[in-house]
Amino acid sequence: MARAPAPQPELTDIELVDNVLRGAPGAVEAFYQRHSRLIYHCIRARTGGPDVDDIFQAFFERLLKSNFRALQLWQRGSSLPVYLSRVVRNFVTDFHRARRMREQAVGGTMELEPLSEAEPE
């Protein structure tokens, strides 16, 4: 009778991040499974409302597009969850700042105010 394969020991955060950076198969999925709840919670705590899912998705998109730059900058030996919390906090701040800049560039209600104040002819 064949034996079931022995369960793999859980990787440390250092090993997991190193695997992600090396492009090891399944590493990104393992990182997501381990840390997505923390990341989502940090976003929800700083944002609330309907933007949480959009910001969560944008966070992982940026992480992938940047070739995991945030993980490259992590100092091994420090707490990865604490570090990720700071990275997420900064990302949420940048996300909202960029949104405000887009809204100001497009315009807002300020451009409509003179029209509403004009007297009808």
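**Exercise 1.** Does Phe68 count as buried or exposed, and what is its relative accessibility?

*Solution.* The structure is a predicted model, and the exercise is best begun with the position of the residue, since Phe68 is found in the loop between α3 and α4. The next step is to apply the cut-off, by which buried means under 20% relative accessible area. Phe68 has a relative accessibility of 9%, and therefore counts as buried. As a last step, consider the backbone: Phe68 has a positive phi of about 60° although it is not a glycine, whereas most residues other than glycine have a negative phi.

**Exercise 2.** Work out how Asn67 is classed by its relative accessibility, and describe its backbone.

*Solution.* Asn67 lies in the loop between α3 and α4, and it takes a positive phi of about 60° without being a glycine. For the accessibility step, the cut-off for exposed is over 50%; Asn67 stands at 51% relative accessibility, so it counts as exposed.

**Exercise 3.** Check whether the span of helix α2 agrees with its number of residues, then describe its bend and its buried residues.

*Solution.* Helix α2 covers residues 27-46, which makes 20 residues. The expected span is 1.5 Å times one less than the number of residues, which gives 28 Å for α2, and because its end C-alpha atoms are 28 Å apart, the two values agree. The helix nevertheless bends by about 55° at His35, and His35 is itself among the buried residues of α2, which also include Phe31, Ile39 and Ile43. Just after α2, Gly48 takes a positive phi of about 70°.

**Exercise 4.** Identify which residues have the most contacts inside the largest nonpolar core, and which element gives the most to this core.

*Solution.* The core has 27 residues, and those with the most contacts inside it are Phe31, Ile43, Phe59, Leu71 and Leu80. The elements that give two or more residues to this core are α1 (13-22), α2, α3, α4 (69-73) and α5, of which α5 gives the most, with 8 residues.

**Exercise 5.** Describe the largest pocket by its volume, the elements that supply its lining and the classes of its lining residues.

*Solution.* The largest pocket has a volume of about 160 Å³. Its lining includes Phe59, Arg62, Val87 and Asp94. Both α3 (52-65) and α5 (80-106) supply at least two residues of this lining, and α5 gives the most, with 4 residues. Sorted by class, the lining has 5 nonpolar, 2 polar and 2 charged residues.

Definitions and conventions:
Residues are numbered from 1 along each chain as its sequence is written. This is a predicted model: local features need pLDDT of at least 70, side-chain atom pairs count only at pLDDT 80 or more; totals for chains, interfaces and linings use all residues. Side-chain values use heavy atoms; hydrogens and water are left out. On a 1 Å grid over the protein atoms alone, a cavity is a set of points where a 1.4 Å probe fits but cannot get out, and a pocket is an open set with protein on both sides within 12 Å along at least five of seven lines; lining residues have an atom within 4 Å of a point. Grid points are joined across faces, edges and corners, and a volume is the space filled by probe spheres set on the points. Ala, Val, Leu, Ile, Met, Phe, Trp, Tyr, Cys and Pro count as nonpolar, Asp, Glu, Lys and Arg as charged, and the others, Gly among them, as polar. The bend at a residue is the angle between axes fitted to the seven residues ending there and the seven starting there. Buried means under 20% relative accessible area, exposed over 50%, partly exposed in between (1.4 Å probe, protein chains only). A nonpolar core is a set of buried Ala, Val, Leu, Ile, Met, Phe, Trp, Tyr and Cys residues joined through side-chain atoms within 4.5 Å.
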